[in-house]
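Please examine the following structure, beginning with its overall organisation and then turning to its aromatic rings.

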Amino acid sequence: MIRLEHVSKRFETGKHTVEAVRDVSLHIEKGKIAGIIGFSGAGKSTLARCINLLERPTQGKVIVGGAELTALNEKQLREKRKKIGMIFQHFNLFASRTVYGNVAYPLKGSGRSRGEIDQKVRSLLDLVGLADKADAYPSQLSGGQKQRVAIARALANDPEVLLSDEATSALDPDTTRSILRLLKEVNRTLGITIVIITHEMGVIKEICDQVYVMEGGQVVEQGDVFHVFASPQRAVTRKFVDSTSNLSRIRELLDDPANPIQLLPGDYLLRLNYLERSTSQALISTLSRQFDLDINILLGNIELIDGNPLGGLVVIAGGGHDRVTAAAEYLSERNVLVEVIAHG
Ligand SMILES: Nc1ncnc2c1ncn2[C@@H]1O[C@H](COP(=O)(O)OP(=O)(O)OP(=O)(O)O)[C@@H](O)[C@H]1O
Ligand SMILES: [Mg+2]
């Protein structure tokens, strides 16, 4: 559905040159939800704007739905762009138009009759759950409702692709979740391919199939969400993983002069990380029964992604070197990485 081939975007501002996007190639299949994550200034928005050619790449090809956008003239491009909807952090609604007026706006000049437009707008407002707000003005809506209007508007021309640039960044966690659920529903029921730009790991985990990690204008890591976050290769990816996990707190606890963690002789402080897809097994009770270990869980952070546990635990395993080693082997065979942080 979306193919970028060696796309670069350079901005020349006075005497400075900024390489906002550097040689990015990617391929997003129809019907997928792809996430692009990176810290501020990584080039995410610029890359998104290259997908609908709001920014014309300095180099490379952009192909959407089989059409090479970079080869089209302005008129052809305007037509193609209708098939790519976009939503933003600050909603960008027309303050002087009602909810209805905002959603109807892109349908002007579409050749549809008034009745057809009315039907379309009503069905979109239904879809986003705002049928009763048709006559309200944006200033009378909450942030989540405004984003719902923006989503309805972005869908007016039946796009094949929806680009979402930090669409939930201005919303509270509950509202964020409800907007993400709506995007997922749009993806499922209408088959729209969605590209989500975010700096929040939680957003990626919640709804994306695949993820691209950006840094310094480049895509430095990519793959399916579980795989990338289960075994991050780059420091930037690890930072995102740590941002939603409390497991790295163990280092602070160890450095704490009050030393809240007491290890006795034979005690091992272990960090267990779920590495690959593994069925949920009763690992901890097996360790205690089969290897005769005393297990004390200190920190835990496990989530299900695609039904597979991702994350890990920090535990104290008491039972001496041999039994702990045997247990560690058992765990590694089940795709759990065992790291010895300290021992008594
Ligand atoms: N129109 C422009 N002119 C000059 N430089 C620009 C322009 N747009 C973006 N840049 C620069 O390109 C780089 C990438 O910016 P971009 O907005 O794509 O980052 P981002 O990853 O979306 O960041 P954020 O998370 O803060 O939105 C930054 O250094 C930015 O200053
Ligand atoms: Mg941005």
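In this predicted model, 69% of the contacts in the protein with a separation of 6 or more are accounted for by residues 24 or more positions apart. The protein contains twelve helices and 14 strands. Along the principal axes, its C-alpha atoms fill a box of roughly 80 × 50 × 35 Å.

Of the 344 residues, 48% count as buried. The accessible surface amounts to about 16,900 Å², and carbon and sulfur atoms contribute 46% of that area. As for charge, the protein carries 42 positive and 41 negative charges, whose mean positions lie 9 Å apart.

The aromatic rings offer a more local view. A search of the whole structure yields three aromatic pairs. One of them joins Phe-94 and Tyr-105: the ring centres are 4.6 Å apart and the planes meet at 55°, so the pair is classed as tilted. This pair links distant parts of the chain, eleven residues apart. Phe-94 belongs to the loop between β6 (84-88) and α3 (99-104), whereas Tyr-105 belongs to the loop between α3 and α4 (114-127).

How accessible are these two residues? Phe-94 has a relative accessibility of 30% and therefore counts as partly exposed. Tyr-105 is likewise partly exposed, because its relative accessible area is 35% and the partly exposed class runs from 20% to 50%.

Phe-94 also has a charged neighbour: the charged end of Arg-97 sits over its ring, 5.2 Å from the centre. A further arrangement of this kind involves Arg-334, which lies over the face of Tyr-330 at 3.8 Å from the ring centre.

Definitions and conventions. Residues numbered from 1 in each chain as written. Chains lettered and ligands numbered in written order. Predicted model: local features only at pLDDT ≥ 70, side-chain atom pairs only at ≥ 80, totals over all residues. Heavy atoms only, no water. Phe/Tyr/Trp six-rings, centres within 6.5 Å; stacked < 30°, edge-to-face > 60°. Helix = DSSP H or I, 4+ residues; strand = E, 2+ residues; numbered from the N terminus. Buried < 20%, exposed > 50% of the residue type's maximum accessible area, 1.4 Å probe, protein only. Lys NZ or Arg CZ within 6 Å of the ring centre and 35° of its normal. Contact = heavy atoms within 4.5 Å. Areas by Shrake-Rupley, 256 points an atom, 1.4 Å probe, with all protein chains shown as cover. Lys, Arg positive; Asp, Glu negative; His and termini not counted. Charge placed at Lys NZ, Arg CZ, Asp CG, Glu CD.
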